[in-house]
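User: Please take a close look at one strand pairing, then follow the chain outward from there. I'd like the sheets, the ligand site and the domain layout in one connected account.

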Amino acid sequence: MTVATPDLPRGADVVIVGAGSAGCVLAERLSRDPERSVVVLERGPADWPGVEIRDVRRLPIEPGAAFAVQHDSEGLGVVRGSGLGGSSAVNGGYFMRWHPDDFADWPTGWEIDHIAAAYAELDAPGGTMGVEPVSDDELGDAASAFEEYWSSRVPVRAVADRWPVVGVNRVLGNRTGIVRMTAAEAYVRPALTRPNLRVVTKCDVDELIVADGRVVTGVRAGSTAVSAGEVILSAGTLGTAGILLRSSLGPLDLDRELAVDEHRTLAVTYRRGSPATPGPLLPSVVHTEDSLEIRCYRDDFASYIRGLEPTGPEIGVAAMRSSPASLRLRGRDVAVGFGAVEPAMADALRSAAADVVDMLGSPEFAEVIEPGSITVADGFGTSQHARGSMPMGVRTDWLGGVYGTKGLRIVDGSILPNSGRSGPHATIMMMACRIGALLAGTVE
Ligand SMILES: Cc1cc2nc3c(=O)[nH]c(=O)nc-3n(C[C@H](O)[C@H](O)[C@H](O)COP(=O)(O)OP(=O)(O)OC[C@H]3O[C@@H](n4cnc5c(N)ncnc54)[C@H](O)[C@@H]3O)c2cc1C
């Protein structure tokens, strides 16, 4: 299945760049037609991430990790998965739909019934991503106290429901037991016997091959050119931006920088009275009326990421509506610029952090935290969720076809047209399911 870079195929009907959350879905969908040749080019290693990498009690993203790449990011530690499954192989394993009204402004063709059907392929019982809610037994003491505290103040989603609510949401996870289900396991592994599908690893794509500034005819990796009837960029928001910024695409006028949105965060940390039980990183969240997500992490991030300095278990507050950031090339690679958090957003995060401090001082948390140990962070963090550099309806059509070009499509976090009120993973895969099925002609 895997070949080294010098053995790259010369061409294919479709070349997909990136075997991540979206790219794996497209590879499976588009290779269902045996007449269509599909090649996936992935920069990461040839090995399948094993169960020790996919263990949800760990985030295998420390510097030098085999399946992760670090980005220059003003010290905020931006990292992405790299290899079969991309970020789905190394992420937090939280797999939540966006709220139905988050799709109100999506282009025509993205009606809520279609969206619900595409989500269901992934997250319904028996769906491809093995999605299950965190069970009562797995909650741990902090999330049990968190749910108890909030359930007398805001609505609570029934644990098995898939659509989130403004209120308490028990996290749904893409995992079987403690093993993260990745997009590669769910979609590429079952398709590997198809002779018309090739997945090439250790292949870092440099740029698009472009004729007349707008017609994309393939990609270049090192000194090798691979021609394509169509190129689909699924290299993730940062990887796709890198390829676009390194290429000579006249009509896009990218001006050497791409604007993206992040979910900026403010951390409230504390010391525990006794050690946490091991389990999924993020068992429960609250979604607020003003589009914040209050995340009750089980423990200190240092107990999930090797080499990280302990800072204390965390309750994170995240601004789920737009927080602007930018992507630029620094040398060959993409650097993320965050800049200051807008004053209104900063105020909202600080106010919610004050609510979290009140919560941690409540009787529900008396057995969990050491008195007097609560700290609100000085600065703002990031969620690893950058999206929207090439939004649908603005820079691409509703299926990711890039306006003003021929032969180029983007299907990954780059084309999300807005920021949903949940994390992006389930929605990026949902988008890939629907676009893949439409391109393959299997749905309307
Ligand atoms: C540490 C971490 C934790 C996260 N936790 C959560 C979570 O719990 N819940 C949630 O909803 N979201 C989470 N996210 C975000 C979510 O995982 C991503 O938004 C989503 O997986 C992105 O999917 P994608 O298809 O856009 O890109 P990716 O899955 O990142 O795939 C991109 C692929 O392209 C490859 N690639 C990049 N550049 C090139 C190139 N030049 N040539 C060839 N290949 C290339 C990469 O190696 C990668 O395999 C997390 C992200 C990270 C990094």
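Analyst: Let's start with one residue pair: T176 stands opposite V179 in β8. The model is predicted, so local features need pLDDT of at least 70 and side-chain atom pairs 80 or more, while totals for chains, interfaces and linings use all residues. Numbering runs from 1 along each chain as its sequence is written, and side-chain values use heavy atoms, without hydrogens or water.

That residue pair belongs to the antiparallel pairing of β7 (residues 172–176) with β8, joined by 2 bridges. Strands here are DSSP runs of E of at least two residues, and helices are runs of H or I of at least four, numbered from the N terminus; a pairing needs at least two bridges found by DSSP. The open sheet around them has 3 strands in the order β5-β7-β8, paired antiparallel. β5 (131–133) and β8 (179–180) form its edges, and because each has a single partner strand, one side of each lacks a neighbour in the sheet.

A second open sheet has 6 strands, ordered β6-β15-β16-β17-β14-β20, again with antiparallel pairing. Its edges are β6 (167–170) and β20 (375–376); each pairs with a single strand, so one side of each has no neighbour in the sheet. Inside that order, 5 bridges connect β16 (residues 292–296) with β17 (residues 314–319) in antiparallel fashion. L292 has A319 of β17 as its bridge partner.

Now to the ligand. It is surrounded by 36 residues, the closest being S21, E42, S87, Y94 and H425; a residue is counted when one of its heavy atoms lies within 4 Å. Several elements supply at least two residues each to this shell: α1 (21–30), β4 (78–81), α6 (236–246) and α8 (425–440). The most comes from α6, with 4 residues.

Three polar contacts (N or O atom pairs within 3.5 Å) may interest you. The side chain of R43 places an N or O atom 2.9 Å from a ligand oxygen. For G93, a polar backbone atom is 3.3 Å from an oxygen atom of the ligand. H425 brings a backbone N or O atom to 2.9 Å from a ligand oxygen. Taken alone, the ligand exposes 1000 Å², and the protein buries 95% of that, using Shrake-Rupley areas with a 1.4 Å probe.

Finally, the domains, whose bounds come from an automatic or database assignment. Domain 1 covers 1–134 + 171–256 + 387–444, and domain 2 covers 135–161 + 264–319 + 342–379. Their C-alpha centres are 30 Å apart. Contact between them (heavy atoms within 4.5 Å) involves 17 residues from domain 1 and 24 residues from domain 2.

How values were computed
Polar contact = N/O pair within 3.5 Å; in protein donor to acceptor, adjacent residues only side chain to side chain.
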